[in-house]
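Subject: A structure for you to look at

Hello,

Here is the structure I promised to pass on to you. Please open it alongside this message, and I will walk you through what turned up.

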Amino acid sequence: MNDRVFDTDRLVPVYFRQALPVVLNMVVTLIYNLADTWFVARTGNALLVAGVSLCAPVFTMLMAFGNIYGQGGSSLISRLLGADDRPSVRRVSSFSFWLAIATGVVLAVPMLIFRSPMLRVLGSSPDTLKYAGEYYTWLAIGAPLIILSFIHSNLLRCEGMATQSMFCTVSGSVLNIILDPIFISVLGLGAAGAAIATVLGYTLSDILCLLIVLKKSRSLSVKTSDCRLKNGELGQILAVGITAAVTNLATSVCVVTINQFLSSYGDEKIAAMGIVSKISMIVQLILVGFSFGGVPVFGYLYGAGMRDKLRSLLKFVMTFLCGLALAMTLVIIAASSPLMRFFIDDAGIISDGTVMLRWQISCSAFGGVVLLLTCLFQATGKALPALILSLSRQGLLFLAVLWLATTLLGYTGFLAAQPAADVLSAALALFLYFRQFGREGRAVSG
């Protein structure tokens, strides 16, 4: 290989150099999400909190489409860099960029046309419809910009520019945090103000990422003359990208289902779950950061045929991730009530949310196993096992567990559904790992 992107002789330091900027990016994203929730909750309007929470699946859906080209493209590009095929990297990166913009425009139109039925599907009640509608409308308008933000933030890391990618995303999140109180409270825009601040934050991230690609990247391109694929590359992008997107779409379906279930218990339960979901991101996003942060290295090693090095790195990351997840879980369980109280001064919502939060994150270590192995499958282009896992923890397996648990145990079953799905999904992930890599002559698993 003429020009190695990663130092394969010092993989643990390389992993942390790639993963830590992603984790920091996730932490800032977490702070933005918590700040967004805090500023909305500070209005003292539980219906506004519920209305904004109901639109979470819409953002997750846009994220899913961004990940089709962002994660799908980065998986292919990592392997192409491992094989030292830079002309193909330019073509794939340009295609991912322009197709993301086109997808955002195509999605925005029907989202606005079918706004009313979509809000009903999301679980809006007559009381929350106004707030959910305001937030939803601006998310739809900003769809192209939100989707685009997931392209270069992923592709830059394939070239080892994780810090630059983090800078772009963090800058957008900081702008969002600054604009939130101004738009929500000072200008009195409420839910619409929160959404406008979000869209403007993503716009800044898009601009900064594009500038870095144009000025510093050695391989990535946005030239329309490079925007073409060949030799089954579209299939490779979609095979991995759609599995990544399925994770987000399945999460959206699960959130809608949860909100539909909780609607019979009142809007206060939905508001509590909305806050719980944001707090649980403390664990979730950090685990995602450390899992996803290794994708460029995993893909590079696999593309370069360095199976033993991949196996060794994976063992280290798995041990590290599980220990970290357990430590964070214990801290949040102990601090669950003060965390809820930080966001809202409502005794009923605090009480409900404290119980929900403890159940929600109790088996996060198992969720970490699922995240890491899903990222491994995506990085190595193994679409089928990645798809299966994408439909497990926050997908079909979770929905099956939720249906069975709520049928048998009602509200208690709802509380237990997520940890049960975490454990079952981890068992499935380990089975697929040994089965898949065992077929390659135990190249990774032994």
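**Helix pairs, starting with α7 and α8**

Helices α7 and α8 run roughly antiparallel to each other, as follows from the angle between them. That angle is about 160°, and the axes of α7 (residues 143–158) and α8 (residues 162–186) lie 7 Å apart. The crossing of α7 over α8 is left-handed. If you want to find the place where they touch, look for S153, L156 and R157 on α7, and for A162, S165 and T169 on α8. Sorted by character, the residues in this contact are two nonpolar, three polar and one charged.

Before going further, please keep in mind that this is a predicted model.

**The chain as a whole**

Stepping back for a moment, the chain has 19 helices and zero strands. Its radius of gyration is 21 Å, close to the 22 Å that the globule rule gives for 446 residues, so the chain is as compact as a globular protein of that length. Measured out along its principal axes, the C-alpha trace spans about 60 × 45 × 35 Å. As for the interior, 59% of the 446 residues count as buried. Contacts between residues 24 or more positions apart make up 83% of the contacts in the chain with a separation of 6 or more.

**Two more helix pairs**

In general, two packed helices are described by the angle between their axes and the distance between the axes. With that in mind, here are two further pairs to look at.

Which way do α16 and α17 run relative to each other, parallel or antiparallel? The axes of α16 (residues 364–379) and α17 (residues 383–390) come within 8 Å and cross at roughly 150°. That angle makes α16 roughly antiparallel to α17. As α16 passes α17, the crossing is left-handed. On the α16 side, the contact is made by V370, L373, T374, F377 and Q378, while α17 brings in P385, A386, L389 and S390. Six of the residues in this contact are nonpolar, three are polar and none is charged.

The other pair is α6 and α9. Helix α6 (residues 129–141) packs against helix α9 (residues 190–216) at an angle of about 20°, and their axes are 7 Å apart. With such an angle, α6 is roughly parallel to α9. The crossing of α6 and α9 is right-handed. From α6, the residues Y131, E134, Y135 and W138 meet A191, A192, A194, A195, I196, T198 and V199 of α9. This contact divides into nine nonpolar residues, one polar and one charged.

**Three residues worth a click**

Let me finish with some single positions that you can select in your viewer.

Is F398 buried or exposed? This residue is in helix α18 (residues 396–409). F398 counts as buried because its relative accessibility is 3%, and the cut-off for buried is under 20%. Setting aside its neighbours within four places in sequence, F398 is in contact with C254, I258, S392, R393, A417, Q418 and A421. Another residue to look at from here is A420: F398 and A420 are 22 residues apart in sequence, and their C-alpha atoms are 8.2 Å apart in space.

V27 belongs to helix α1 (residues 11–41). Its relative accessibility is 27%, so V27 counts as partly exposed. Try selecting V27 together with G289: they are 262 residues apart in sequence, yet 8.7 Å apart in space, C-alpha to C-alpha.

Finally, A335 sits in the loop between α13 (307–334) and α14 (336–343). A335 is partly exposed too, with a relative accessible area of 26%. Its C-alpha atom is separated by 9.1 Å from that of T354, which is 19 residues away along the chain.

I hope this gives you a good start, and I look forward to hearing from you.

Best wishes

How values were computed. Residues numbered from 1 in each chain as written. Predicted model: local features only at pLDDT ≥ 70, side-chain atom pairs only at ≥ 80, totals over all residues. Heavy atoms only, no water. Axes fitted to C-alpha atoms, helices over the stretch in contact; angles between N-to-C directions. Helix = DSSP H or I, 4+ residues; strand = E, 2+ residues; numbered from the N terminus. Parallel < 35°, antiparallel > 145°, perpendicular 65-115°, else oblique. Left-handed = near helix turned anticlockwise from the far one by under 90°. Contact = heavy atoms within 4.5 Å. Nonpolar A, V, L, I, M, F, W, Y, C, P; charged D, E, K, R; others polar. Rg over C-alpha atoms; globule rule 2.2 N^0.38 Å. Buried < 20%, exposed > 50% of the residue type's maximum accessible area, 1.4 Å probe, protein only.
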